[in-house]
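Colleague: I'd like a close look at how the helices pack here, and at what sits around them. Could you walk me through that part in one go?

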Amino acid sequence: MNTFKPLVFSGVQPTGNLHLGNYLGAIRKFVALQQDNDCIYCVVDLHAITAQLVHDDLKGQIRSIAAAFIASGIDPVKHIVFNQSAVPQHAELAWIFNCVARIGWMNRMTQFKDKAGKDRENASLGLLAYPSLMAADILVYRATHVPVGDDQKQHLELARDIAQRFNIDFGPKIRETGTGVDMIVGEEPIHGYFPLVEPLIGGPAPRVMSLKDGTKKMSKSDPSDLSRINLMDDADTILKKIRKAKTDPDALPSEVDGLEGRPEAGNLVGIYAALSDRTKADVLAEFGGQQFSVFKPALADLAVEVLAPITTEMRRLMDDTTHIDAILKDGGERARARAENTMNEVSDIIGFLR
C-alpha cells in the first residue's frame, strides 16, 4: 500500500430536533459528497452522553437522525449509515488516543470551555475527552476527509495532532508490521499508519443563525422553539416562525454591503440564498428595496418547498422504524468490519497480544 484510499467520514449527535441549520450546514453537504466519494455517515450516540448522561428517548433520537439522513437523499446501500455505539472499536481506539493525547491539548479546546462553563470541575471526564473520541471516530476508518463547520475545526486539528503523534511514536513498529504509508510530515519523511485528515470546508453551507437573535447560531438547545425551523415542522409552523423572525424596520438593501450591521436581515437573506442555491447578491438583486412584509412570505414558501418532501419522508420512516433499524443494523455490521481490521492492525503496532 502506498497511499491512503480517499474516504469521507462525518457524524451528527442525536440530541434534540434537527433544524434548518443542521440541514444546510451539514446534511445537504453529506448528500452532495456521496456523488464522488466513498462516505461513512454516523449517528454519534456515544457523544450524546458526554454533556447529558440520561436521555428520555435516545433510541428515538438516533432513529430520527438516521431518518433525516435517508429522507435528505443519502444512499445507505452505496455508502454506510450507522450509529456509533454499534461499533465498539470507536471506544476502543478512543482509549488508545487518550493515552496519545496530552492533557494540555484537551484543556485548550474552546468547545469544552464553552460547554463546561464556570463549573468545569463538575463537568464529566467524557466531555473533556470528547475530541479524542471524535478523532477515533474518524481514524478507526482511516478517513482522509471530514466536512466540518467552524465549531469543529479545532477538534479536527487535534485529530491530526493525535495521528501525527501516533505515527511518529510508532514509526518503526508501523514499518515492521507492513501496515503503513510513506508520508511527509513538515519536511520529515515518515512511515505513518493514520492519515492526517483534511477538512472539507468549501461549498455554499452558511452559518445559519437564530431567528430570534441574528448574532447567535441556530441551536437545538435554545429554549425558544421560535428560534429555529425544525426539520419536522409542518408548513403552518414554518410560516409562523418566519413571520415572527426578528428583523429591523428598514427595507432590504440592493447590495450585500448594505447588510453590514444588520445580522437578522443578513441571516434571512443567507437562508434564502442557501435554500435556492443562489448568492446573497442574487437574492438582493431580486428583493432589494422590498420590505420584510414581502420577503418573509417568499422565504416561507421557499422553505416549505425545500423541506416538505424531507419532512414527509422523515415522518413516514418514523411511523414504522423497521426500515431505519434495518439500515442501521446493516451499516453497523459493515462499519464494524472495517473498524475491526483497523484495531487488529493498531493492536499489532502497539504490541498487544491477540
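Modeller: What follows is a tour of three helix pairs and of some residues in and around them.

Keep in mind that this is a predicted model.

Let's start with H1 and H3. Helix H1 covers residues 20-33 and helix H3 covers residues 58-72, and their axes sit 9 Å apart at an angle of about 60 degrees. That angle makes H1 oblique to H3. As for handedness, H1 passes H3 in a right-handed crossing. On the H1 side the contact uses Tyr23, Ile27, Phe30 and Val31, and these meet Ala68, Phe69 and Ser72 of H3. Sorted by class, the residues of that contact come out as six nonpolar, one polar and no charged.

Two of those names come back when you look at Tyr41. This residue is in strand S2, residues 39-43, and counts as buried because its relative accessibility is 0%. Setting aside residues up to four places away in sequence, Tyr41 touches Phe30 and Phe69, and its other partners include Val8, Ser10, Leu33 and Gln34. Further along the chain, Tyr41 also touches Ile74, Ile80, Val81 and Phe82. Take Ile74: 33 residues separate it from Tyr41 in sequence, yet the C-alpha atoms are 8.9 Å apart in space.

Val81 is handy for stepping over to helix H7, residues 125-139, where you'll find Gly126. Along the chain Gly126 and Val81 are 45 residues apart, and their C-alpha atoms are separated by 24 Å. Gly126 has a relative accessible area of 32%, so it is classed as partly exposed.

Helix H7 is also the place of Asp137. Is Asp137 buried or exposed? Its relative accessible area is 2%, so Asp137 is buried. An unreviewed UniProt entry carries the annotation "binding site" for Asp137; treat that as coming from the record, since such annotations may be inferred rather than shown by experiment. Leaving out residues up to four places away in sequence, the contacts of Asp137 are Phe9, Val44, His47, Gln84 and His90.

Just past H7 there's a backbone detail to check. Arg142 sits in the loop between H7 and strand S4 (145-147). Although Arg142 is not a glycine, its phi is positive, at about 50 degrees. With a relative accessible area of 13%, Arg142 is buried, because the cut-off for that class is under 20%.

Next up is the pair H4 and H14. Helix H4 runs over residues 89-100 and helix H14 over residues 322-350; their axes come within 10 Å and cross at roughly 25 degrees. So H4 is roughly parallel to H14. The crossing of these two is left-handed. H4 brings Gln89, Glu92, Leu93 and Ile96 to the contact, while H14 brings Arg336, Ala339, Glu340, Met343, Val346 and Ile350. By class, the contact of H4 with H14 has six nonpolar, one polar and three charged residues.

A short detour to helix H5, residues 103-107, takes in Trp105. Trp105 is buried, with a relative accessible area of 18%. Neighbours within four places in sequence aside, Trp105 is in contact with Val100, Leu158, Asp161, Ile162 and Arg165. Leu158 is 53 residues away from Trp105 along the chain, and the C-alpha atoms of the two are separated by 7.6 Å.

The remaining pair is H11 and H12, whose axes are 8 Å apart at an angle of about 105 degrees. That puts H11 roughly perpendicular to H12. The contact is made by Gly266, Val269, Gly270, Tyr272 and Ala273 of H11, together with Lys280, Val283, Leu284, Glu286 and Phe287 of H12. These residues divide into six nonpolar, two polar and two charged.

Between those two helices, H11 (263-275) and H12 (280-287), the loop holds Asp277. Asp277 is another residue to check for phi: the value is near 55 degrees, positive in a residue other than glycine. Is Asp277 buried or exposed? Its relative accessible area is 60%, which means Asp277 is exposed. Compare Arg142, which is buried at 13%.

Definitions and conventions
Residues are numbered from 1 along each chain as its sequence is written. This is a predicted model: local features need pLDDT of at least 70, side-chain atom pairs count only at pLDDT 80 or more; totals for chains, interfaces and linings use all residues. Side-chain values use heavy atoms; hydrogens and water are left out. Axes are lines fitted to C-alpha atoms, for helices over the stretch in contact, and angles run from 0 to 180 degrees between N-to-C directions. Helices (H or I, at least four residues) and strands (E, at least two) are DSSP runs, numbered from the N terminus. Angles under 35 degrees count as roughly parallel, over 145 as roughly antiparallel, 65 to 115 as roughly perpendicular and the rest as oblique. A crossing is left-handed if the near helix is turned anticlockwise from the far one by less than a right angle, and right-handed if clockwise. Contact means heavy atoms within 4.5 Å. Ala, Val, Leu, Ile, Met, Phe, Trp, Tyr, Cys and Pro count as nonpolar, Asp, Glu, Lys and Arg as charged, and the others, Gly among them, as polar. Buried means under 20% relative accessible area, exposed over 50%, partly exposed in between (1.4 Å probe, protein chains only).
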